[in-house]
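User: Could you walk me through one part of this model in detail? I would like a close look at the sheets of chain A and at what packs on them.

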Amino acid sequence: MEALTATNITKRFTNHVALDKVSLSIPEKTIFGLLGPNGAGKTTLIRIINQIINADSGEIMLFGEKLQEKHIGEIGYLPEERGLYKKLKVGEQLVYFAQLKGLSKKDATEKSKAWMRKFDTVDWWGKKVEDLSKGMAQKIQFISTVMHEPRLIILDEPFSGFDPVNAQVITREILELKEKGCTVIFSTHRMETVEDLCDHVVMINKSQKVLEGSKREVKETYKTNAYTVEHRGSFSITSDIYELTEQKKLGDTMFQSTIHVKNKISPNQLIRELTTVTEVHSFVEKVPTMSEIFINLVKGGNNE
Amino acid sequence: MNKIWLIARREFLNRVQKKSFLFATILIPLIFPTIMAVLVYVAKKQNEHETKEVIYYVDESNTFVPDTSRFTFRKFHGPLADAKTAFDHSKDYGLLFIPPFKLSDPSGITLYTKENASIDDINNIESLLETRIKDLKMKRMKIGQKLLDSLQTDVKIKTIQVTEGGKERSSNSIVMAGIGMACGILMYMFIFIYGAQIMQGVIEEKTSKVVEVIVSSVRPFQLMMGKIIGLGSVGLLQFSIWIILMTTLTFGVFGYFGIESPQHQALQQISADAAAQQAAVSSKALNLINEFLSLPLGYILFCFLFYFIGGYFLYGALFAAVGSAVDSPAETQQFMFPITIPLLISYLSLFMFILKAHDSPASVWLSIIPFTSPIAMMGRIAFGVPLWQVLLSMSLLIAGFVVTTWIAGRIYRVGILMHGTKVSYKVLVKWFLQKG
């Protein structure tokens, strides 16, 4: 089942179109990367899903139902621009946020205590937020996002402000939530995070969707049929089948070459060809990183 | 609705649980009677221990009859020159020289002092002499003391207001103006103090960036209304406590220092026949009390609460909108202007003409226009306002509050999510027009 499907979402502001007929579907129980450069419309889309603003046209279905007010409790949202009430005590704050999400006071208290135990932070219960360090506050913020057990969790740049240790704690938590059946939407610029965590990605550029699919599919689509070969002894043959685009010296007789394959030939065939001209030490297919795909698409979009 | 209540409750508890609230709520009503008590105490002490200043006088006209209520007068027998030398060597206050004079044109009377004589002192001595001269003139005209006494009459005008039903009601414009002024000032203070708190709260939520987290759970409108209602309840609670504490304490202070409050005097008057003079004073106080009690107090209280809440809501939403538009309190200035002006107009009009001419067209209009009506109407209400005006004003206030809340809500929902934009009135209009 799809956790969320958006069909032809359009949102205009006075001076510009923030989203132009964006459609996407997010499979359940996956970690979904929402990518795009600044100002592409990611935050607008997230705000529409959170019902903070309404789309001008288009439809959003959440777990098979039209998005409506009651879904607020099923979504946990960690915005990029986030904060807590500085003067309020940690415990009161968590309970209050959970109550706003629709939990009863009793449930809210129990759950916030359970989460604080989990993060080993029960001692902070009576502390004011302004007395916490930034990392501590981020943990509390994360708890407030997930404590009401939402089925869909939306995280906008979740790791900004975390040190590597805490980032790892949160990563583990996100994976655990996925195991439990949550769907996570991840909006970020950090491609290494996408590489590590995301199953599916969508990329928005200039208000339009430019890419969608599972990470493997996307990489398959954008691979350039290039291979990196390390070999002893140089060669410089260009044939109908392959083209040597780059060759650099690694040692006395060691070289690294990048070879683009023109026609549909299997890697085996290429190796066979190569062994006739040089001594192959390593042979790797060049798979594009998410970062390369991202930059390519954004730059390509700008050249239009 | 449930969420508005949750937010209102949170806001209420946040403020009420603060130490500053406790201090303000308990200290302010304490400070007021304390200052009064200190002043009364000082005044009393001074009265008890004050020794009257000594004034020597040389009376060559043989007319002066000293009145010792204010000064101790000592006659100096001898010429002025001697008196001056003696005065120079003494530590006394003054030397009054009265040369022989014509009753028709008293001149040459001189007061010598070492320090500048206060206007009060000069007036006192002048009136002493004037009374004396008046008496002498009367005597010369052969008018006896009995006749003089019988010429003295004390006129008191009783004002009676005829209401539409033909009922007569004695009215006292001092009491009414007093009520009008108190209610008007209270309203003005309340709207400003709590309006500013709403604004500050919104700015805090915006700068601490907690707001986006909140609006993913509740509508921006719910957040705004919850804040307004929560803070308004704090205000009502605070004012109620103040009024109760102040009344109690003020009576306590009066009681302790033996100064009789009007009510107290009235009670004494009822319980026992006091001396004639005291009775006269008391009856005046009693009249004031009666006037006060004869006013439709329940109705006035109802109107006060209505305009209190209505005015607060009308302006509260606007304050929230201003808070949502800016990133720091310093930027609020340019948007405060249109909010401050109608409040200031109604406040100044209250003193300039509403209390004096409560039925003038300007007063009537100000008390009907929603932005000025909370203060203006409270200034008029005790004087008696035709029912149609009250109903019209109240309906317009409700309509006005709905409209301002609607406008403010539309600006607020966009404003709270905007950071670092340079906001002008044009931008506000754009936000207002923006679709959900």
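Analyst: Happy to; here are the two sheets, strand by strand, followed by the domains around them.

This is a predicted model, in which local features need pLDDT of at least 70, side-chain atom pairs count only at pLDDT 80 or more, and totals for chains, interfaces and linings use all residues. Residues are numbered from 1 along each chain as its sequence is written, while chains are lettered from A and ligands numbered from 1 in the order in which they are written.

Let's start with the open sheet of 4 strands ordered β12-β13-β11-β14 in chain A, where the pairing is antiparallel. Strands here are DSSP runs of E with at least two residues, helices are runs of H or I with at least four, and both are numbered from the N terminus; two strands pair if DSSP finds at least two bridges between them. β12 (242-249) and β14 (279-286) of chain A each have a single partner strand, so these edge strands are left with one side lacking a neighbour in the sheet. On average, neighbouring strands of this sheet are turned by 20 degrees against each other, direction ignored. Inside the sheet, β11 (residues 226-232) and β13 (residues 254-261) of chain A run antiparallel and are joined by 7 bridges. Y227(A), for instance, has I259(A) in β13(A) as its bridge partner.

Helix α8 (residues 267-275) of chain A packs on this sheet and touches β11, β12, β13 and β14 of chain A; contact is counted when C-beta atoms, placed from the backbone, lie within 7 Å. The direction of α8 makes about 150 degrees with that of β14(A). For such angles, axes are lines fitted to C-alpha atoms, for helices over the stretch in contact, and values run from 0 to 180 degrees between N-to-C directions.

Now for the other sheet: it is open, with 4 strands in the order β2-β1-β4-β5 of chain A and antiparallel pairing. Its edges are β2 (17-27) and β5 (65-66) of chain A, each with a single partner strand, so one side of each has no neighbour in the sheet. β1 (residues 2-12) and β4 (residues 57-62) of chain A pair over 5 bridges in the antiparallel sense, and A6(A) stands opposite I60(A) in β4(A). Helix α1 (residues 42-49) of chain A packs on this sheet, touching β1, β2 and β4 of chain A, with its direction at about 120 degrees to that of β1(A).

Finally, the domains: an automatic or database domain assignment divides chain A into domain 1 (2-220) and domain 2 (224-286). The C-alpha centres of these two domains of chain A lie 45 Å apart.

Note on methods
Contact = placed C-beta atoms within 7 Å.
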